[in-house]
Amino acid sequence: MVDNRLVENIALIEEQLEKHPGGWFAGGSEPTAADFMMLFPMEVFASRSPKPVPESFNAYVKMIHDR
């Protein structure tokens, strides 16, 4: 049950990131509160997910940290 939800959530987040080539969740040129709220779940997915995560997850976390 949990694995299915992980796969669904990973796909949903990946789809959202693909919609915005700039990389931010809201699609603007600067990060918004949504980006900072997503940082923790993205860090957990990227570092501890039992399923492979897309490279865009690691890139997103790095982009926030570099900010």
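This is a short tour of one protein chain, stop by stop.

**Whole chain**

Start with everything shown. The model is predicted. Colour the chain by secondary structure. Three helices appear, and the strand count is zero. Reading along the sequence gives the pattern α-α-α. The radius of gyration is 12 Å, close to the 11 Å from the globule rule for 67 residues, so the chain is as compact as a globular protein of that length.

Now turn the C-alpha trace. Along its principal axes it spans about 35 × 20 × 20 Å.

**Surface and charges**

Switch on the surface. The chain exposes about 4,600 Å². Carbon and sulfur atoms supply 59% of that area. How many of the 67 residues count as buried? The share is 30%.

Next, select the charged side chains. There are 6 positive and 10 negative ones. The centres of the two sets lie 4 Å apart.

Then think about contacts. Take those between residues at least 6 apart in sequence. Of these, 60% join residues at least 24 apart.

**The aromatic pairs**

Show the aromatic rings. The count comes to two aromatic pairs.

Select Phe25 and Tyr60 for one of them. Their ring centres are 5.1 Å apart and their planes stand at 80 degrees, so this pair is edge-to-face. The cut-off behind that word is a plane angle over 60 degrees. Where do the two residues sit? Phe25 is in the loop between helix 1 (2-19) and helix 2 (33-48). Tyr60 is in helix 3 (residues 55-66). The two are 35 residues apart, and the pair links distant parts of the chain. Are Phe25 and Tyr60 buried or exposed? Both Phe25 and Tyr60 are buried.

Move on to Phe45 and Phe57. This aromatic pair is also edge-to-face, with 6.0 Å centre to centre and 70 degrees between the planes. Phe45 belongs to helix 2 and Phe57 to helix 3, so the pair ties together parts twelve residues apart in sequence. Phe45 is buried, and Phe57 is buried as well.

**Gly27, in the loop**

Go back to the loop between helix 1 and helix 2, and select Gly27 there. Gly27 is partly exposed, with a relative accessible area of 40%. Draw a line from its C-alpha to that of Phe57. Gly27 and Phe57 are 16 Å apart in space. Along the sequence, 30 residues separate Gly27 and Phe57.

**Ala46, in helix 2**

Select Ala46. This residue lies in helix 2. Its relative accessibility is 26%, and Ala46 counts as partly exposed. What does Ala46 touch, leaving out residues up to four places away in sequence? The answer is Val53 and Asn58. Add Val61 to the view. The C-alpha atoms of Ala46 and Val61 are 8.1 Å apart, with their places 15 residues apart in sequence.

**Asn58, in helix 3**

Follow the contact from Ala46 to Asn58. Asn58 sits in helix 3. With a relative accessible area of 31%, Asn58 is partly exposed. Now pick Ser47 too. Asn58 and Ser47 are eleven residues apart along the chain. Their C-alpha atoms are separated by 8.7 Å.

**Glu55, the last stop**

Stay in helix 3 and select Glu55. Is Glu55 buried or exposed? Glu55 is exposed, with a relative accessible area of 57%. For a final distance, add Glu14. The C-alpha atoms of Glu55 and Glu14 are separated by 9.6 Å. Along the chain, Glu55 and Glu14 are 41 residues apart.

Key. Residues numbered from 1 in each chain as written. Heavy atoms only, no water. Helix = DSSP H or I, 4+ residues; strand = E, 2+ residues; numbered from the N terminus. Rg over C-alpha atoms; globule rule 2.2 N^0.38 Å. Buried < 20%, exposed > 50% of the residue type's maximum accessible area, 1.4 Å probe, protein only. Contact = heavy atoms within 4.5 Å. Areas by Shrake-Rupley, 256 points an atom, 1.4 Å probe, with all protein chains shown as cover. Lys, Arg positive; Asp, Glu negative; His and termini not counted. Charge placed at Lys NZ, Arg CZ, Asp CG, Glu CD. Phe/Tyr/Trp six-rings, centres within 6.5 Å; stacked < 30°, edge-to-face > 60°.
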